[in-house]
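Please open the model in your viewer and keep the sequence panel beside it. The tour below goes from one selection to the next and says what is found at each stop.

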Amino acid sequence: MKKRLFNIIAKGLFTAAAVVYLFPLLVVFTNSFMGQNEIDHNYSITEIKKPGQDGYIRMNIIPEMITLSQYSEILLKSPVYLNMFWNSVKIALPVVAGNLAVSAMAAYAFTVLHFRGKDMLFFLYIIVMLLPLQVTLMPNYVMAGWLNISEGYLGIILPGIFHPFGVFLLRQFMKMIPDAYLESARIDGAGHLRVFGFIVLPMVKSGLAATAMLTWIDYWNLVDQAVVFIHESGAQPLSLFLSTVNKEQMGVAFAASSVYAFPVILLLMYGQEYLEDGISLSGVKG
């Protein structure tokens, strides 16, 4: 009885927490279908004519009249928004592809190969992974200056390709591969390239998917790197440009935010299982 009651309370608390976290997203999405006049009415401050009391803001989640004018504004009438959208794709896509390639090969080396200093080198990977972005941003900027890529996408893409988190995550997946599979391949005369390409990679597909998803989300939402490395306004990613989208037209801002969130939501919907596997394995002791 106590266990059942505990489960009910736990489910209630988790449900309440989920509602709290999802409520802002719901407000943004539903408000994106409201007309500008309705939004102005909902978010206008209503005065309370009593001494000592402040006004309050109306908030109506369900639109009285659905309109797509805001989406038409940002997708058809405003090429700037779509340009920023593709700027984000130009940054995130190469980072994901490059990070998968580098991380898979490095994780294979840390898992299968034996060389002096392997554990110490992997320990350094963990330290760099745990450092906050603000600590590594300045060294990255200095190094980009030496390479003459401090103003542009390469200053963001190259550090992203070599970010150590993918190595750590894929190593956790590769450690779960039975040694007998690898030994059998070696007995049959397969070299490291064949073992890596035909045995290891197919067995860590979920790890590759989780790494790709987490990397995409991270670089789709980047802000700090864009502020430091991208000075030209026309080259800014959507994550940085979004805060300046029609501040005086809230309906357009809501629609822009909804379109911005759509790729990530779609990715999470179709890759939830892989992401859960990645999160669970990232806590496995290596």
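Helices, of at least four residues (H or I), and strands, of at least two (E), are DSSP runs that are numbered from the N terminus. Keep in mind throughout that this is a predicted model.

Begin by selecting Ile62, which sits in the loop that runs between strand 2 (56–57) and helix 3 (69–77). Its relative accessibility is 64%, and because exposed means over 50%, Ile62 counts as exposed. Next, add Met34 and Glu38, the residues in contact with Ile62 once neighbours within four places in sequence are left aside. Asn31 can then be selected as well: it is 31 residues from Ile62 along the chain, while the two C-alpha atoms are separated by 7.7 Å.

Move on to the largest pocket, which holds about 620 Å³ of space. Its lining comprises 28 residues, and those closest to the centre, which are worth selecting together, are Thr136, Asn140, Pro159, Gly160 and His163. Colour helix 5 (118–130), helix 6 (133–146), helix 7 (154–161), helix 11 (205–220) and helix 12 (224–229) to see the elements that give two or more residues to this lining; helix 6 provides the largest share, six residues. By class, the lining of the largest pocket has 20 nonpolar residues, seven polar and one charged.

Finish at the second largest pocket, with a volume of about 250 Å³. Select Thr111, Val112, His114, Asp179 and Leu182, which lie nearest its centre among the 13 lining residues. Helix 4 (79–112), helix 8 (165–174) and helix 9 (179–187) supply at least two residues each, with the largest share, four residues, coming from helix 9. Here the lining divides into five nonpolar, two polar and six charged residues.

Note on methods. Residues are numbered from 1 along each chain as its sequence is written. This is a predicted model: local features need pLDDT of at least 70, side-chain atom pairs count only at pLDDT 80 or more; totals for chains, interfaces and linings use all residues. Side-chain values use heavy atoms; hydrogens and water are left out. Buried means under 20% relative accessible area, exposed over 50%, partly exposed in between (1.4 Å probe, protein chains only). Contact means heavy atoms within 4.5 Å. On a 1 Å grid over the protein atoms alone, a cavity is a set of points where a 1.4 Å probe fits but cannot get out, and a pocket is an open set with protein on both sides within 12 Å along at least five of seven lines; lining residues have an atom within 4 Å of a point. Grid points are joined across faces, edges and corners, and a volume is the space filled by probe spheres set on the points. Ala, Val, Leu, Ile, Met, Phe, Trp, Tyr, Cys and Pro count as nonpolar, Asp, Glu, Lys and Arg as charged, and the others, Gly among them, as polar.
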